[in-house]
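The exercises below are meant to be worked through with the sequence and the 3D view side by side. Try each task before reading its solution.

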Amino acid sequence: MSSHFPSNICLRYAFALTLVIVCFSFVTAQNGDFSNNSADPIRLFERGQDAHARGDYKLALEFYEEAIKLRPEFPEAELQRGQALASLNRREDAERALRRAIELRPNWVLPYAKLGFLLARVMDRPAEAEPLFRKSLELEPRNFEALFELANLRRNSGDLKEAIALWKRATSADGATASTWDALGATQFEAGDPSAAVNSFTKSLAMNPSNEGARQRRAGAYLALGDNQRALEDIRSLSLPAKPAMQDTHSIVEVAALYLRASRKDEAIKLLDTVNESAQSDPEVIAFRFQIDPNNGNAAAAAASLEKLSEQSPREASLLAQLGSIYRTIDPPRSADYYRRASELEPRNADYATGYAAALVQARRFAEAAAILRRIISLLPDSYVAHANLATALYEQKRFAESLLEYEWLARAKPEIAATYFFMATAHDSLGAYPQALSAYEKFLATANVQKNKLEIEKVNLRLPVLRNQIKRGEGVKSAKQ
């Protein structure tokens, strides 16, 4: 039950044209005058189609090639030959066959789309595939395969705006399925529009109620909107095995993470407890248990598990970010490195960038952290974590006046947090703004926890008598105005 929208829908296109081309060949055969099937390129082509439909790609290829020998300019046979070669993993030969089909019929949409698919999905040459899909859409603006694949390419390149526009076109094209709406919803969510994503996921589920992935993604979108109730309805309706085995652990951890985001920690733990004994040793399970309760987890074991997973999937940003989270307090430089790598893989993910900056703060690289945090806040002005880390970075650089702006924001956002007033007070104190310092110290004492803030309370109680005397003597007033 992956958190990424499904792309394997497109794999079915390898054989999607068979019926169309059979119809074409039937018409052509009616117009032809062939009496000997062995010398009839149309009959050979049809026999190749039959073998292709049965999955006998080698035999199909033989028929297509015999047909082409008899009729060298046979674009339909070249197209299907390219498809068969691709199925036999003869990629370069498949590319040549599809390019030959384009050469023979430059205004035919299908070989452009098929070659684009081969280059993008199989040969990892997306830059070459994109103009082919655009040509397909020039020839046939509602070509579903080209819309779907071009949208996927634009999404992967970071152009979410065009990707969304293309997905929307694809939803109204012939061939659109529930997965098309699912893909649109996933891209909308990635673009920061969970409300639109919920709408798209809902349409996907209306077409295919059994689409577990879309339901899971809709739950995540509901959580982003703060609608925990609807999110929990989706989460609890997911079909999960009663006794999950090792192969089920990734799905279980993903759903447990949704429970955790919905503030249902107990349900997340309960779900993890359902996996069988062998699955309890799965690295993802170990790492997630530590994430749920670090105080009762083994950081070393969790880190080792995640590092093992990361070696298997070195470009999985979420694993790198989890490692960054584990190491943030026990090894800040290593944490910063992991978060940096995660952020480089997914530069639009603000959580990874914020984690990187927070790790830099822990590593006492305050100037670097401050620069990153200011960029994050410019994009996400309501990020409490970013403001808190920026306040610390500025404070530690003794940039007290700037830090006060951040602490004042934090105090407005969460006035119940006592530590905010302590740092506000000491910042004012350092600037010689004694009346403001006194006011902040008093707010700290009014909100502080006697046990949790014991050391700070003692410091404040020692400072207050001296501070009050300084205010009485008129000290600090001049410096506070400067």
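A residue is called buried under 20% relative accessible area, exposed over 50%, and partly exposed in between, with a 1.4 Å probe and protein chains only. This is a predicted model, in which local features need pLDDT of at least 70 and side-chain atom pairs count only at pLDDT 80 or more, while totals for chains, interfaces and linings use all residues. Residues are numbered from 1 along each chain as its sequence is written, and side-chain values use heavy atoms, with hydrogens and water left out.

**Exercise 1. Confidence and overall make-up**

Find where confidence is lowest and where it is highest in the protein chain, and describe the make-up of the chain in helices and strands.

Solution. Start with pLDDT, the predictor's confidence in each residue, which runs from 0 to 100. The mean for the protein chain is 85, and 88% of its residues reach 70 or more. Next, go to the helices: confidence is lowest in α1 (residues 18-31), with a mean of 37, and highest in α5 (residues 91-104), at 96. Over residues 1-36 pLDDT stays under 50, and the model has 73 contacts beyond four places in sequence for them, a contact being heavy atoms within 4.5 Å. Where pLDDT is low, the predicted coordinates should not be read in detail.

Then turn to the make-up: the protein chain holds 27 helices and zero strands, where helices (H or I, at least four residues) and strands (E, at least two) are DSSP runs numbered from the N terminus. Of its 482 residues, 47% count as buried. Among contacts with a separation of 6 or more, 51% are between residues 24 or more positions apart.

**Exercise 2. The two sides of a helix**

Work out which residues of α3 are buried and which exposed residues lie on the face turned away from them.

Solution. First check the length: α3 (residues 57-70) has 14 residues and reaches 20 Å from its first C-alpha to its last, close to the 20 Å expected, the expected span being 1.5 Å times one less than the number of residues. Second, list the buried residues, which are Ala60, Leu61, Phe63, Tyr64, Ala67 and Ile68. Seen down the axis of α3, these buried residues fall within an arc of 165°, so they line one face of the helix; the arc is that of the directions from the helix axis to the C-beta atoms. An α-helix has 3.6 residues a turn, so residues three or four places apart point the same way. Third, look at the face turned away from the buried side, where the exposed residues Lys58 and Lys69 are carried. Finally, the buried residues of α3 pack against α2 (41-54) and α4 (75-87).

**Exercise 3. Two loop residues with positive phi**

Compare Asp124 and Arg364: in which loops do they sit, and are they buried or exposed?

Solution. Asp124 sits in the loop between α6 (109-122) and α7 (126-139). Although Asp124 is not a glycine, it has a positive phi of about 55°, and with a relative accessible area of 62% it is exposed. Arg364 belongs to the loop between α20 and α21 (366-379). Its phi is positive too, at about 65°, although Arg364 is not a glycine, and its relative accessible area of 55% makes it exposed.

**Exercise 4. A buried residue and its partners**

Decide whether Ala386 is buried or exposed, and find what it touches beyond its neighbours in sequence.

Solution. Begin by placing Ala386 in helix α22. Its relative accessibility is 0%, so Ala386 counts as buried. Leaving aside neighbours within four places in sequence, Ala386 is in contact with Thr354, Leu373, Ile376 and Ile377. As a last step, take Ala350, which is 36 residues from Ala386 in sequence and 9.7 Å away in space, C-alpha to C-alpha.

**Exercise 5. Leu153 beside an earlier helix**

Locate Leu153 and list its contacts beyond four places in sequence.

Solution. Leu153 is found in helix α8 (residues 144-156), and at 11% relative accessibility it counts as buried. Leaving aside neighbours within four places in sequence, Leu153 is in contact with Ala120, Pro126, Ala129, Glu130 and Phe133. The C-alpha atoms of Leu153 and Arg121 are separated by 9.9 Å, with their positions 32 residues apart along the chain.
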